[in-house]
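Dear colleague,

I am passing on a structure for you to look at, with my notes below it. Please read them with the coordinates open beside you.

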Amino acid sequence: MIEWFMDSEAPFGYDFLIKNVTKPMIYVAGFISRHPAYAFKLRKEITRKCNEHGILTHDPLFVGIYELEGFPKDLNTVKYNWKYRDEVIKNTGSTNIVERDLRAIRSCDGFLMYYDKSIPIIGTAMELFYVNHILNKPTALWNISNHPITSIWLKEHLDFISTDLEVCVNWLKNELKSA
């Protein structure tokens, strides 16, 4: 059974469980599978920064943890458990996860991805295309590798790119206000 919260009551990282969302919400995307501990650290940093600016986040990584284990007692000690994802794929195929993520993307007001040029982002690229090209929602990229973005596909479907997370979040905040 899902527990619903008011936006001031939701446990850190679990903004997707807010029943009556009154603040803007963004979808968090980026690599997970090759470097899950690093991805988890980056996603917590994004969530903290967005929450400081009054923006809620929907992060599929936190959704998987919640669905598998409920609320963790201490978010700093959580390690993402791939059992959940693997079990869902085994029982229902990957369509279930993809459809859940697409529903989440549709429910959000914007999109923020983190990017390291040395790590593939196939799923994230698909999400980005859907958000920008199909839904026409604001998209921002936090370039954590400090390498220039050379992909014409990324450049074409991103509205904003920065190596500074604070700058990305401020840009999204301003875009979401004017929408």
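In this predicted model, the largest nonpolar core comprises 44 residues, and the residues with the most contacts inside that core are L112, M113, Y114 and W142. At least two residues of the core come from each of the strands β1 (25-29), β3 (110-115) and β4 (139-143), and the same holds for the helices α1 (36-52), α2 (60-69), α4 (95-107), α5 (122-134) and α7 (165-178). Of these, α7 gives the most, with six residues. As background, nonpolar side chains in soluble globular proteins tend to be buried together.

W142 deserves a separate look. Once its neighbours within four places in sequence are left aside, W142 is in contact with L42, E45 and I46, with the run L112, M113, Y114 and Y115, and with S162, T163, D164, L165 and C168. Three of these partners, L112, M113 and Y114, are also listed with W142 among the residues that have the most contacts inside the core.

As for the chain as a whole, its secondary structure comes to seven helices and five strands, which follow one another along the sequence in the pattern β-α-β-α-α-α-β-α-β-α-β-α. Buried residues account for 47% of the 179 residues, and, of the contacts between residues at least 6 apart in sequence, 67% join residues that are at least 24 apart. The exposed area of the chain is about 9600 Å², of which carbon and sulfur atoms supply 53%.

Turning to α5, this helix has 13 residues and reaches 17 Å from its first C-alpha to its last, close to the 18 Å expected at 1.5 Å a residue. Its buried residues are T124, E127, L128, Y130, V131 and N132, and these pack against β1, α4, β3, β4 and α6 (152-157). After α5 comes N136, whose phi is positive, near 55 degrees.

Finally, is R43, a residue of helix α1, buried or exposed? R43 has a relative accessible area of 1%, and because buried means under 20%, it counts as buried. Not counting residues up to four places away in sequence, R43 touches V28, A29, G30, F31 and I32, then D59, P60 and L61, and also Y114. Y114 thus appears in the contact lists of both R43 and W142.

With best regards

Conventions: Residues numbered from 1 in each chain as written. Predicted model: local features only at pLDDT ≥ 70, side-chain atom pairs only at ≥ 80, totals over all residues. Heavy atoms only, no water. Core = buried A, V, L, I, M, F, W, Y, C linked by side-chain atoms within 4.5 Å. Buried < 20%, exposed > 50% of the residue type's maximum accessible area, 1.4 Å probe, protein only. Helix = DSSP H or I, 4+ residues; strand = E, 2+ residues; numbered from the N terminus. Contact = heavy atoms within 4.5 Å. Areas by Shrake-Rupley, 256 points an atom, 1.4 Å probe, with all protein chains shown as cover. Expected span 1.5 Å × (residues − 1).
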